[in-house]
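Morning, everyone. I have one structure to show you today, and then a short walk through it.

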Amino acid sequence: MASRVASDVPFCPVRYREPRHVPHDEAVRVLEAAIRGANPDGEANSVLVGLALTCDDRTFVEQWCMRVGRESPDLWLRGLASLCVGSHLARRFGFVSPEAVTFVRELAGDSQVREVNSQVESALADLDAFYPGNRSAST
């Protein structure tokens with residue numbers, strides 16, 4: 001069997017970019033704009049994931065994820081905010097606040113968000129795996 005080479009792979013317009021860490025003031029500017037419905041080129045997506053993967057201030061990231069996840073008109077971004085808490089913060093810190101656990105559970109149960117971004121289900125599963133203490137605290 002012949003191996004596949006890059007030229008055999010169909011064109012995919014989505015390219016992975018490593019999210020970068022941004023200073024808090026820049027993150028606030030971008031995320032506040034996203035809450036108002038302005039998210040050009042998915043900038044808020046990258047900022048949110050970058051914070052969740054690189055920022056050492058768990059509380060800052062958690063609060064912004066919950067705010068974006070509850071207030072953004074972009075359902076896909078709301079689901080991504082849940083993934084940032086349930087998958088990234090829980091894995092990195094081994095802990096998230098009880099409010100954040102509730103947030104992840106709420107978005108996993110939101111059929112509109114789940115239809116647009118099924119990652120909310122992964123966020124809940126990852127939360128259970130990376131922070132097993134949440135099961136008894138929130139059920």
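When I say contact, I mean heavy atoms within 4.5 Å. Keep that in mind for the residue lists. One caution: this is a predicted model.

Start with the overall picture. The protein has 8 helices and 0 strands. Along the sequence the pattern reads α-α-α-α-α-α-α-α. There are 139 residues, and 42% of them count as buried. Now take the contacts with a sequence separation of 6 or more. Residues 24 or more positions apart account for 68% of those. As for the surface, about 7700 Å² is exposed, and carbon and sulfur atoms supply 53% of that.

Now helix H3. H3 runs over residues 58–71, which makes 14 residues. From first C-alpha to last, H3 reaches 20 Å, close to the 20 Å expected at 1.5 Å a residue. Which residues of H3 are buried? They are Arg-58, Phe-60, Val-61, Glu-62, Trp-64, Cys-65, Met-66, Val-68 and Gly-69. What do they pack against? The partners are helix H1 (24–35), helix H2 (43–54), H4 and helix H5 (98–108).

Look at Arg-58 in that helix. Is Arg-58 buried or exposed? Buried, because its relative accessible area is 18% and the cut-off is under 20%. Leave aside neighbours within four places in sequence. Arg-58 then contacts Leu-89, Phe-93, Phe-95, Val-96 and Ser-97. Take Phe-93 from that list. Arg-58 and Phe-93 sit 35 residues apart in sequence, yet their C-alpha atoms are 7.7 Å apart in space.

Next, the loop between H3 and H4. Ser-72 is placed there. Ser-72 counts as buried, because its relative accessibility is 4%. A polar atom of the Ser-72 side chain lies 3.1 Å from the backbone nitrogen of Asp-74. Beyond four places in sequence, Ser-72 touches Ala-34, Ile-35, Arg-67, Leu-77 and Arg-78.

Asp-74 takes us into H4. At the start of H4, a side-chain oxygen of Asp-74 comes to within 3.0 Å of the backbone nitrogen of Trp-76. H4 itself covers residues 75–93, 19 in number. At 1.5 Å a residue, H4 should span 27 Å, and its end C-alpha atoms are 26 Å apart, so the two agree. There is still a kink in H4, of about 30°, centred on Cys-84. How many residues of H4 are buried? The count is 14 of 19, so I call H4 mostly covered. After H4 comes Gly-94, with a positive phi near 70°.

Last topic, the cysteines. How many disulfides does a search of the whole structure find? The search finds 0. Why is Cys-65 not bonded to Cys-84? Their sulfurs are 4.7 Å apart, and that is too far for a bond. The cut-off for a disulfide is within 2.5 Å. From the other side, Cys-84 is in no disulfide, and its nearest cysteine sulfur is that of Cys-65. What about cover? Cys-65 counts as buried because its relative accessibility is 0%. Cys-84 also counts as buried, at 0% relative accessibility.

To recap that pair: Cys-65 belongs to the buried set of H3, and Cys-84 marks the centre of the kink in H4. That's my tour. Over to you for questions.

Conventions. Residues are numbered from 1 along each chain as its sequence is written. This is a predicted model: local features need pLDDT of at least 70, side-chain atom pairs count only at pLDDT 80 or more; totals for chains, interfaces and linings use all residues. Side-chain values use heavy atoms; hydrogens and water are left out. Buried means under 20% relative accessible area, exposed over 50%, partly exposed in between (1.4 Å probe, protein chains only). Helices (H or I, at least four residues) and strands (E, at least two) are DSSP runs, numbered from the N terminus. The expected span of a helix is 1.5 Å times one less than its number of residues. The bend at a residue is the angle between axes fitted to the seven residues ending there and the seven starting there. A polar contact is a pair of N or O atoms within 3.5 Å; within protein, one must be able to donate a hydrogen and the other to accept it, and residues adjacent in sequence count only if both atoms are side-chain atoms. Accessible areas come from the Shrake-Rupley method with a 1.4 Å probe; for residues, only the protein chains shown count as cover.
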